[in-house]
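Please open the model in your viewer and keep the sequence panel visible beside it. The tour moves from the whole chain to single pairs of side chains, with something to select at each stop.

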Amino acid sequence: MGKINDSLRRRLLKIAELAARGVDGEQQAAESMLARLLKKHSLSLEDLSKHRERSWAEFAVDGRYELLLLEQVIRRVTQKNEFDRCRSQEDLGTAWYELTPGEHVEVQLLFDVLKVHMHDQLEKTVAAFVLKNEIYGPIVDASGEVLRTPAEQSRSEQIALLAQDMALVPILPALG
């Protein structure tokens, strides 16, 4: 085993992450570079993995669906189905996961981007459900004119497409 300083360790870990998660040519190039550098410094992947320090990473979550999304992102980034987590019963809006600093940054970035789109899709799904089950009222201006901008029209079309595939809820039988 060779000596590993912080700068070399960080560089090798970044290359190892790219070798593990890169696409096509970048993954192959990273694998080749990693093998060459490990050999040059008389190191192995095992030596490198001993230095992958994990710490508790904190994430703010708003509800069940954000928590589910966050954990899926963690599975994608870590390539593991199981991971260490902690969640306080008093503060359900915060969750902690044991991650490397690189994993933390990647998870946070993906989570922030994906949750915006997830909430948009959830809103469309609820709107489609409302449309399908006709539990809505028209949005009109003072003159009685239905309000729709081109963006609202496009969104309405997307919602209508979602509603086509939804099953109608049988309300009367449910009321018994």
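Helices (H or I, at least four residues) and strands (E, at least two) are DSSP runs, numbered from the N terminus. By that rule, the chain has seven helices and three strands, and from the N terminus on they follow the order α-α-α-β-α-β-β-α-α-α. What you see is a predicted model, in which local features need pLDDT of at least 70 and side-chain atom pairs count only at pLDDT 80 or more, while totals for chains, interfaces and linings use all residues. Residues are numbered from 1 along each chain as its sequence is written, and side-chain values use heavy atoms, with hydrogens and water left out.

**Stop one: the sheet**

Select residues 55–60, 85–87 and 94–99, which are β1, β2 and β3. Two strands pair if DSSP finds at least two bridges between them, and here the three strands form an open sheet in the order β1-β3-β2, with antiparallel pairing. Because β1 and β2 stand at the edges with a single partner strand each, one side of each is left without a neighbour in the sheet. From one strand to the next, the twist averages 25°; for angles, axes are lines fitted to C-alpha atoms, for helices over the stretch in contact, and values run from 0 to 180 degrees between N-to-C directions. Now look at β2 and β3, which pair in the antiparallel sense over three bridges, and find C86, which stands opposite W96 in β3.

**Stop two: helices against the sheet**

Add residues 64–78, which make up helix α4. Helix α4 packs on the sheet and touches β1, β2 and β3, its direction making about 10° with that of β3, where contact means heavy atoms within 4.5 Å. Next add residues 101–132, helix α5, which lies across β1 and β3 and runs at about 10° to β1.

**Stop three: salt bridges**

A salt bridge is a side-chain nitrogen of Lys or Arg within 4 Å of a carboxyl oxygen of Asp or Glu, and the structure holds four of them. Show the side chains of E103 and R54, whose closest N and O atoms are 2.6 Å apart. This pair links distant parts of the chain, since E103 is in helix α5 and R54 is in the loop between α3 and β1, 49 residues apart. Which of the words buried, partly exposed or exposed fits E103? Buried means under 20% relative accessible area, exposed over 50%, and partly exposed in between (1.4 Å probe, protein chains only); E103, at 3%, therefore counts as buried, whereas R54, at 33%, counts as partly exposed.

Then select E71 and R85, with closest N and O atoms 3.2 Å apart. E71 lies in helix α4 and R85 in strand β2, so their salt bridge ties together parts that are 14 residues apart in sequence. E71 is buried at 12%, while R85 is partly exposed at 47%.

Finally, pick K124 and D120, whose side chains meet in a salt bridge at 3.4 Å, N to O. Both lie in helix α5, four residues apart, which is about one turn of the helix; K124 is buried at 8%, and D120 is partly exposed at 27%.

**Last stop: the whole chain**

Select everything again: of the 176 residues of the chain, 26% count as buried.
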